[in-house]
Amino acid sequence: MRVITQQTLGGPEVLTVVDAPAPRPLPTEVLVRVKAIGLNPLEARLRAGEFPLIGRPPFILGWDISGVVDQAPQTWRFRPGDEVFGMPLFPRAASGYAEVVSAPALHLARKPASLSHVEAAALPIVGLTAWQGLVDLGGVKEGDRVLVHGGGGGVGHVAIQIAKALGAHVVATAGRSKRRFVEGLGADEVIDYTAVDFTEAVRDVDLVLDTIGGDTVERSLAVLRPGGHLVTAVAEEDSALIARYEAAGMRFSGIAVDQDPVALRGLVRLVEQGRLRVHVQETFPFERVADAHRLLDSGHLQGKLALTV
């Protein structure tokens with residue numbers, strides 16, 4: 001089989017396609033013949049060496065996969081031929097940039113028939129991040145006012161749809177070029193952050209879901225109602241910010257996505273109900289992974305990127 005690996009840290013050019021032995025599934029695991037791979041900004045940061053989540057090279061990046069079960073020798077959950085998707089093993093290395101992946105069956109779900117493999121591969125990390133932030137941590141309920149920062153991005157565009165499905169009034173920040181896209185996802189209000197200060201455009205928010213970081217997190221304190229809650233996917237260890245929010249009578253939560261088969265099935269239900277769709281800005285063939293990472297590095301994506309295998 002072919003895998004995408006790297007021997008050193010660096011830019012997209014360090015990613016190379018090589019041959020490697022196929023993995024063997026352990027008990028309770030399945031062997032998945034991968035059809036598509038979702039790409040995430042985290043992988044670009046790991047490639048460049050910004051932090052050592054999976055150690056030093058050589059390693060194989062990737063978690064988000066969609067494909068067909070090839071072998072299921074010691075699990076009752078799936079059979080060969082089943083179409084599945086998921087985010088296996090995160091945050092441990094899953095070696096998802098590969099033609100074949102061995103994954104715990106519990107970390108996968110059946111792919112909804114309405115999603116292509118490309119769309120399914122783009123969903124797990126961003127979908128689980130948004131679900132855990134809004135449902136598990138945030139407890140969003142009908143009538144809540146939710147502000148999603150970065151509404152046109154990977155996590156943001158899914159979060160808008162989940163919040164709407166929960167019955168929330170959703171405000172999203174996005175650049176002018178993404179306004180129509182974000183409105184099409186169901187956002188009730190869209191704030192062009194390049195032209196308007198969001199702290200002057202929205203008030204009395206029950207929950208802010210932040211995917212941007214920087215001073216956006218601190219400034220969001222001004223838009224929360226008393227007792228409001230900020231959930232951030234990018235500043236979870238900022239003790240000074242936590243103290244500032246708590247002193248103001250607000251809640252501050254950082255989220256690092258983790259395995260959650262219940263939430264994964266929840267995402268499937270929303271897809272099957274027609275309440276959640278995944279936008280993939282561009283797909284690249286497996287061999288053009290370096291080009292995909294160059295676009296990933298550029299930022300300001302609309303939805304997600306994916307590789308086809």
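The dialogue below walks through strands, helices, cores and empty spaces in a predicted model.

Biologist: Let us start with the sheet, and with strand β3 at residues 29-39: is this strand largely enclosed or open, and why?

Modeller: As a general idea, the side chains of a regular strand alternate between the two faces of the sheet. In this predicted model, 9 of the 11 residues of β3 are buried, so the strand is largely enclosed by the rest of the structure.

Biologist: Which strands does β3 pair with, and in what sense?

Modeller: Strand β6, residues 100-104, is joined to β3 by 5 bridges and runs antiparallel to it, while β4, residues 65-71, pairs with β3 in the antiparallel sense over 6 bridges. There is also β15, residues 304-308, which is paired antiparallel with β3 through 4 bridges.

Biologist: Which residues should I select to see these pairings in the structure?

Modeller: A good place to begin is Val32, which stands opposite Val101 in β6 and has Val69 as its bridge partner in β4. For the pairing with β15, select Ile37, whose bridge partner there is Leu307.

Biologist: If I carry on from β4, which strand is paired with it, and where can I find a facing pair of residues?

Modeller: Strand β5, residues 83-86, pairs with β4 in the antiparallel sense, with 4 bridges between them, and Ile65 is found opposite Gly86 of β5.

Biologist: Turning to helices, how should I read the burial of α1, and what does this helix pack against?

Modeller: The general point is that an α-helix has 3.6 residues a turn, so residues three or four places apart point the same way. In α1, the buried residues are Leu42, Glu43, Ala44, Leu46 and Arg47, and the buried part of this helix packs against β3 and α10. Where α1 ends, the next residue to look at is Gly49, which takes a positive phi of about 85° just after the helix.

Biologist: And Gln161, is it buried or exposed, and which residues does it touch away from its own stretch of sequence?

Modeller: Gln161 sits in helix α4, and because its relative accessibility is 5%, this residue counts as buried. Once neighbours within four places in sequence are set aside, the contacts of Gln161 are with Leu185, Arg275, Leu276 and Arg277.

Biologist: How do I read the nonpolar interior, and which residues touch the most other members of the largest core?

Modeller: In soluble globular proteins, nonpolar side chains tend to be buried together. Here the largest nonpolar core has 87 residues, and Trp63, Leu123 and Leu134 touch the most other members. Taking Leu123 and leaving out its neighbours within four places in sequence, you will find contacts with Phe85, Leu115, Leu128, Val158, Leu267, Val271, Leu276 and Val278. A second core, separate from that one, has 15 residues, including Ile191, Val205, Val208 and Leu230.

Biologist: What about empty space: how much lies in the largest pocket, and which residues are nearest its centre?

Modeller: Rolling a probe the size of a water molecule over the atoms shows where empty space is left. The largest pocket holds about 1500 Å³ of space, and among its 50 lining residues Pro41, Val155, Thr211, Ile212 and Val234 lie nearest the centre. Two or more lining residues come from each of α1, α3, α4, β9, α7, α10 and β15, with the largest share, 5 residues, supplied by α1. By class, the lining divides into 24 nonpolar, 17 polar and 9 charged residues.

Biologist: How is the second largest pocket lined?

Modeller: That pocket has a volume of about 180 Å³, and its lining consists of Arg77, Phe78, Ala105, Leu106, Leu108, Ala109, Arg110, Pro261, Arg265 and Val268. The elements that give two or more residues to this lining are β7 and α9, and the lining has 7 nonpolar, no polar and 3 charged residues.

Biologist: How many cavities of 30 Å³ or more does a search of the whole structure find?

Modeller: The search finds 1 cavity of 30 Å³ or more, and the volume of the largest cavity is about 40 Å³. Gly86, Met87, Leu106, His107, Leu128, Gln259, Asp260, Pro261 and Leu264 line the largest cavity, a set made up of 5 nonpolar, 3 polar and 1 charged residues.

Key
Residues numbered from 1 in each chain as written. Predicted model: local features only at pLDDT ≥ 70, side-chain atom pairs only at ≥ 80, totals over all residues. Heavy atoms only, no water. Buried < 20%, exposed > 50% of the residue type's maximum accessible area, 1.4 Å probe, protein only. Pairing = 2+ DSSP bridges. 1 Å grid on protein atoms, 1.4 Å probe; cavity = no way out; pocket = protein on both sides within 12 Å on 5 of 7 lines; lining within 4 Å. Points joined across faces, edges and corners; volume = space filled by probe spheres on them. Nonpolar A, V, L, I, M, F, W, Y, C, P; charged D, E, K, R; others polar. Core = buried A, V, L, I, M, F, W, Y, C linked by side-chain atoms within 4.5 Å. Contact = heavy atoms within 4.5 Å.
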